[in-house]
Amino acid sequence: MTKVMKFGGTSVGDAEAFRRTAAILAHYHPEEPVVAVVSAMSGITNLLLACGAAAVAGDSEAVETARALILAPHRRALTELIPAGERRRRTSAALGSLVDEAARLLYSVYVLRELSPRARDRLVSFGERMSSAILAAYLNEIDVASVQVEADRVIVTDGEFGNASPQLEETRYRAREVLEPALAEGMLPVLTGFFGATREGLTATLGRGGSDFSASILGNALAASEIWIWTDVDGVMTADPRIVPEARTLAAISYSEATELAYFGAKVIHPKTMYPAEERHIPIWIKNTFAPEATGTRISAESEDGYSAKAIASISGLAVVTVEGRGLIDVSSITTRIFSAVGRTAANVYMISQASSQHSVSFIVDGVDRVTVLAALAEEFREDLRHQRVLSLSDDQDVAILAVVGAGMIGTPGVAGRVFGTMGNEKINVVAIAQGSSELNISFVVKESDVSAAVRALHRVFVAGD
Ligand code: ADP
Ligand code: ASP
Ligand code: MG
């Protein structure tokens, strides 16, 4: 049975990281067939996006700057990994043509001053195309027979550029067609993470951080025995280690717990990763490329029990939007109108909260979507505002969502009381509480400036104290 192993941006961040990644693959590959999935080298996706933004804004230097900035780290890594010879020449030429293609795309963006979601998806895909070319070449250099596979040939998606969903049935068919012959010959396919393509062959990305999702889509398609996500921490931890240095690694969590944690900001795994794996009962392991001997976290149907709350997650950079007014007595129709107006924008709604007086409905969106969302609401409620059925549309910037997650909270009385008691003791104001928190999590909103203190306090009370 095949294992799918995904390596994140830091695991291919420089020549040394490529070496570690290749050593891991070389170690596991002889035992059972392995399919590798790689992210772009760290920083490259953001760089491509920044170049796209500069080109669309009419920066005439954007194209040449991009070519130089993107090519340099890839060439540097390649030179260290394969200093000379025919393979080096071929790979270097391949990197050159990929950058040329990205530059041509940027040039049209610059000329047209237009960057559609479809064009942006094509542009950002070059990071993974380049990193996978280097890894496949280096594996061959160390005698691990390998082939680079661009995922537009394998992962079939819908046409929602920037946030595409996989068509699992068709992907299964393509995976059999493209990957199984290579696996049968003992080759190690190195796939690009982050994107697939529509049926017409247009590159479509799966969302930021989507290479984890790519790995589980491929795991599902190949009925893999396990999916391993190699990153720069030992596993899923009880909190983001950048906020809580004493956070510890969890040995095992359930698919649902991992999904909740990821959805509420635990960047270590993309929230959509779990469902294709769960559908075929495939366990996911989170492992550290830089400490491969550490056990890691197992994500499966079973969870480590004994904790009422297992981990704390948070998302920063959000805004609360509030619609308020007497007319909101008929809440159901207003709510429908609010969310169909918001649905016409590209904004993601993280959480909804309705004041008990029923005179207001608040919801949380990304800070960057705030202006578009307010404009869509102003349009929808123009007449209601004029007749004062809706009194105001307001917003509150710089807020964050916090979530306390753990299956053990189901049936443990008083957890919510302890959560809010902890916030009270810390003198942290709770801006809003979610209406539909699942039993797996309690989520609420605080000011951005309070988020670190809130996460640390909750970690102390719920996790470290357990
Ligand atoms: P990769 O590039 O390998 O996909 P990411 O940067 O996307 O890696 O995710 C790993 C990072 O997620 C860690 O370095 C850590 O800072 C962050 N992180 C946030 N919350 C958690 C958590 N609960 N457990 C582990 N890591 C977390
Ligand atoms: N390179 C992509 C990103 O930065 C995908 C990933 O790393 O998972 O979003
Ligand atoms: Mg990631």
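Here are some short exercises with worked solutions on the predicted model shown above.

**Exercise 1. Find which residues come nearest to ligand 1, and work out how the protein surrounds this ligand.**

Solution. Start with the residues around the ligand. There are 16 of them, and K6, T231, D232, M237 and K267 come nearest.

Next, look at individual atom pairs. The side chain of T231 places an N or O atom 2.7 Å from an oxygen atom of ligand 1. For K267, an N or O atom of the side chain is 3.0 Å from a ligand oxygen atom. K6 also takes part, with a polar side-chain atom 3.1 Å from an oxygen atom of ligand 1. Each of these pairs falls within the 3.5 Å limit for a polar contact.

Now turn to the area. On its own, ligand 1 has 570 Å² of accessible area, and the protein covers 89% of it.

Finally, sort the shell by class: seven residues are nonpolar, four are polar and five are charged.

**Exercise 2. List the residues around ligand 2 and describe the contacts made with its oxygen atoms.**

Solution. Begin with the list: S39, T45, E128, F194, R208, G209, G210 and S211.

Then check side chains. R208 has a polar side-chain atom 2.7 Å from an oxygen atom of ligand 2. In S39, a polar side-chain atom lies 3.2 Å from a ligand oxygen atom.

The backbone deserves a look too: a polar backbone atom of G209 is 2.8 Å from an oxygen atom of ligand 2. Taken alone, ligand 2 exposes 260 Å², of which the protein buries 85%.

To finish, classify the shell. One residue is nonpolar, five are polar and two are charged.

**Exercise 3. Why is one side of β4 and of β7 left without a neighbour in the sheet?**

Solution. First write down the strand order. The sheet is open, has three strands in the order β4-β6-β7, and its pairing is mixed. β4 (156-157) and β7 (203-205) therefore stand at the edges, each with a single partner strand, so one side of each has no neighbour in the sheet.

Then follow one pairing in detail. β6 (residues 195-198) runs antiparallel to β7, with three bridges between them. Within this pairing, A197 has T203 of β7 as its bridge partner.

**Exercise 4. Determine the sense in which β11 pairs with β9 and with β10.**

Solution. Recall the general idea: strands of a sheet pair through backbone hydrogen bonds, either parallel or antiparallel.

Take β9 (residues 252-254) to begin with. This strand and β11 (residues 297-300) are parallel, joined over three bridges. Along β11, S300 stands opposite S254.

Now take β10 (residues 284-288). Here the pairing with β11 is antiparallel, again over three bridges. R298 in β11 stands opposite W285.

**Exercise 5. Inspect two helices, α3 and α4, for a salt bridge and a nonpolar surface patch.**

Solution. In α3, look at E64 and R67, whose side chains meet in a salt bridge with an N to O distance of 3.1 Å. That distance lies within the 4 Å cut-off, by which the count comes to 26 salt bridges. The two residues are three apart in helix α3 (residues 62-81), so about one helical turn separates E64 from R67.

Move on to α4. This helix covers residues 86-112 and contains Y107. Together with V111 and L112, Y107 makes a nonpolar surface patch of about 330 Å².

Key
Residues are numbered from 1 along each chain as its sequence is written. Chains are lettered from A and ligands numbered from 1 in the order in which they are written. This is a predicted model: local features need pLDDT of at least 70, side-chain atom pairs count only at pLDDT 80 or more; totals for chains, interfaces and linings use all residues. Side-chain values use heavy atoms; hydrogens and water are left out. Patches are made of residues with over 30% relative accessible area and no salt bridge: like charges are joined within 9 Å, nonpolar side chains (Val, Leu, Ile, Met, Phe, Trp, Tyr) within 5 Å. Accessible areas come from the Shrake-Rupley method with a 1.4 Å probe; for residues, only the protein chains shown count as cover. Helices (H or I, at least four residues) and strands (E, at least two) are DSSP runs, numbered from the N terminus. A residue is near a molecule or strand if one of its heavy atoms lies within 4 Å of it. A polar contact is a pair of N or O atoms within 3.5 Å; within protein, one must be able to donate a hydrogen and the other to accept it, and residues adjacent in sequence count only if both atoms are side-chain atoms. Ala, Val, Leu, Ile, Met, Phe, Trp, Tyr, Cys and Pro count as nonpolar, Asp, Glu, Lys and Arg as charged, and the others, Gly among them, as polar. Two strands pair if DSSP finds at least two bridges between them.
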